Amino acid sequence: MLLSFASIAAVAAAGVAPSAAIADDEPSQSGWHRPPKPDKVVVIVVDALSKEIIDKYGMGNVQQMMADGVDTPNSYLGHLGSVTVVSHNVITSGQLPKHMGWTDEGYRDVDGVLSGQGAENPDSDLWLTSDWSMEQMFAVQEHAGYPKLADYLHTARPGSKVVTISPKTYAGYAFGGPGSDSIVTFGSSTTCPDMPGSWRAPGGVNVPDYIATPCGRYYVPTGSDLRYDTLQFPASLYPLDGARYVPGKNPDHYGGDVWAADAAIDVMRNEDDWSGIFVTLPGVDKAAHMWGGVADPGATSPDGDPMTHMAAAAATADQQVGKILGELEDTGELDNTLVVLTADHGSVAGSDFFGTYDPEPNYGYYNWYYGSVANDEYLKPQPALKALTDTGNIGFSYSDSMSRVWLKDQSPAKKREAARIMAEMPNVSAVWARNGDRFDKVSRVQWRNMTSRGESRWFYRKAQELVNTEAAPYGPDLIATFFDDTTYSVAGDHGGIQRASQIIPIVFAGGGLSSRDIRREVRSVDIMPMVLRQLGIEATYPMDGKPYWLPRGKGASSSR
C-alpha cells in the first residue's frame, strides 16, 4: 500500500525506508542448486541518483539491493555529456557517445541524417537532441549502425516483448530504441468527461491497451495551476506543471515514479512472454534540478510542499525499486530475471551559480541553451556567456555543470578566440578543444582554485578520459570544465566531469547472482556487454564497454 507523501517525506528524513527492504537469500542446504542463466532483464534507471543521494536520504531498498546483489563500489558514469538524452542510450547500446551518433544536448548533423525531416530551418546543421522527435532519434541511432539491447533480446527469444517506460519522452526513445516493442511515455494534455481539469495521457509507441485505457489510471493531472511550491526560487527556473515528475495528490492517478513503476508491474502481469523491461524513474532528477540536489533545505517556506523536494523524491524512488523487485520475487521470476539498477548521471549542487534568475517560469532553459538551431531557438545568454556569444560565432552552446560550444566558423583562429574567452569565464577549471578522436587542453588547469584535494585528484585521473568520450565530428568543438559545486543553469545540475555528476550506482541483482561485489571501475557503457554475457547472448557488433563477469550464487530463492 502506498504511503501518503507527507509520510514518505517524514520517513525519508528519519533515514527509514518507506517500504519493506529486500531480504537476504537464505537457502537451505538441500535447496542449493546451480541456477540456470536468466532469460529476462529489467533495467531501472533512477535519474540523477548519485551515491551521495542514496546515503543522505537513507534509500533502504536501494541499499539492501546493493548489499544482497552484486554491487560495484568503484563504479562511475564514465562518459560526457553526463545528461539524460545521452546516458539512456549508452546503457542499452554499449557505445560511448563518440560512437553512438550524438554526444550531448547539441548535435551537428555532419552526415545529413536529419535533412528534410521537418526542420523549421532545414539549412541549419545544428540540432537540440532532447527536442528530437521519435523518428529523428531513431534515424540517428540506426545511422550509427549498432544493435540495441532490445534487438539482442528479440534474437535470443523470438516473439518475446521488450517494453520501455519513461515519463520523459526523449529518455524513452533513447532507452528503448526502434527495437522496443512498446515505448510508454506521456503524450499531450487532454480532457476527460466527468474529470475536471487537464490530463496528460499516456502516449508513445504501441502502448498496451491496459495502459492506454481512455481516462484510466495512467492519465495524470497536468496544467500550470499545479506547480505546488515550485514557483519559488530557485525551483521556478524549472518548475512543475502537474504530476509528470511527481506523484501528485490524486491517489487514483499518481504520476512520476509511481506511474512508471505501476506500468512496469502491469507489463509483467499482462504480458505472457516478455524478455525486457526498461523503466526510468525521473522524480529525483526533477527535485535535484529545482532545489539544488543534496543542498535542498526542504520545504522551509509557509506554503512549502514536501512532495516536490529531495527527501520525498528519494523516498518515492526507493519505494518503487522495492515494489518492482517485490513483484518479481512474489511471482517467482526473480531468479530468472537479471535486474540492473543505475542512474543516467549524478547531481551537482550549484552553490556557485552563474545563471540568470528571472521570474519567468522555466527561464532555466535560457541558461542551459543558446543558439538558433533547426528545431528550437534560445537567444537570452546569461552574463557569464555574454563575451562568448558577442563574437557572433556561437552556433549552439549548452551549459550546466560544464559548458560546450558548437562554432559556426570552426577555423583554428576562431577556435583559439573562443577558447581564450572560455578560459576567462567564472569557475572554469580548463578549456578543451576537439582534435580528431580526442580533446586537447588549450588552457592552463586551475589547480589552485579547485574546491578540495579529492576533486583535484579526480580531475587528474579522469578529466582527459571523460572529455575524450565526446570527441566526434557531431560533438562540440570546445568544452569548458567547471569546478565542483558550479552550475550555469539551474540550482542543481548534470553534465560535467565532477565526482558529484559521475559517481553513480551500478547494481546487479536477481538472475541467480551472488552477493559478491565487483571491485573494477564499472561504467555505464559496461552494463550492456555485462547483461549480454549474463544472459548468454553473443554480441554481434563491437562495443566500447567491457563484459565483466558477474559472480553467481547457489540459486535458491527466498521470500521477503
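**Exercise 1. Find the residues where helix 11 and helix 12 meet in this predicted model, and sort them by class.**

Solution.
Step 1. Start on the helix 11 side. Its contact residues are Gly283, Val284, Ala287 and Ala288.
Step 2. Turn to helix 12. Here the partners are Met310, Ala313, Ala314 and Ala317.
Step 3. Sort by class. The contact has seven nonpolar residues, one polar residue and no charged residues. Gly counts as polar.

**Exercise 2. Work out how helix 11 and helix 12 are oriented relative to each other.**

Solution.
Step 1. Locate the helices. Helix 11 covers residues 283-291, and helix 12 covers residues 310-330.
Step 2. Check the approach. The two axes come within 8 Å.
Step 3. Take the angle. The axes cross at roughly 170°.
Step 4. Apply the cut-off. Angles over 145 degrees count as roughly antiparallel. Helix 11 is therefore roughly antiparallel to helix 12.

**Exercise 3. Describe the largest cavity and its lining.**

Solution.
Step 1. Count first. The whole structure holds two cavities of 30 Å³ or more.
Step 2. Give the volume. The largest cavity has about 70 Å³ of space.
Step 3. List the residues closest to its centre. They are Tyr245, Val246, Pro247, Gly283 and Ala313, out of eleven that line the cavity.
Step 4. Name the elements. Helix 11 and helix 12 each give two or more residues to this lining. Helix 12 gives the most, with three.
Step 5. Link back to Exercise 1. Gly283 and Ala313 belong to the contact between the helices, and both are also among the residues closest to the centre of this cavity.
Step 6. Sort by class. The lining has eight nonpolar, two polar and one charged residue.

**Exercise 4. Do the same for the second largest cavity.**

Solution.
Step 1. Give the volume. It is about 60 Å³ for the second largest cavity.
Step 2. List the lining. Its aromatic-named members include Trp458, Phe459, Phe482 and Phe483. Ser429, Met450, Glu455, Asp484, Ile497 and Gln498 also line this cavity.
Step 3. Find the main contributor. Helix 16, residues 453-468, gives the most, with three residues.
Step 4. Sort by class. Six lining residues are nonpolar, two are polar and two are charged.

**Exercise 5. Which stretches have pLDDT under 50?**

Solution.
Step 1. Begin with the whole chain. Its mean pLDDT is 92, and 91% of its residues reach 70 or more.
Step 2. Look at residues 1-32. Their pLDDT stays under 50, and the model has 66 contacts for them beyond four places in sequence.
Step 3. Look at residues 555-560. Here too pLDDT stays under 50, with 22 such contacts.

Conventions. Residues numbered from 1 in each chain as written. Predicted model: local features only at pLDDT ≥ 70, side-chain atom pairs only at ≥ 80, totals over all residues. Heavy atoms only, no water. Axes fitted to C-alpha atoms, helices over the stretch in contact; angles between N-to-C directions. Helix = DSSP H or I, 4+ residues; strand = E, 2+ residues; numbered from the N terminus. Parallel < 35°, antiparallel > 145°, perpendicular 65-115°, else oblique. Contact = heavy atoms within 4.5 Å. 1 Å grid on protein atoms, 1.4 Å probe; cavity = no way out; pocket = protein on both sides within 12 Å on 5 of 7 lines; lining within 4 Å. Points joined across faces, edges and corners; volume = space filled by probe spheres on them. pLDDT = per-residue confidence, 0-100.
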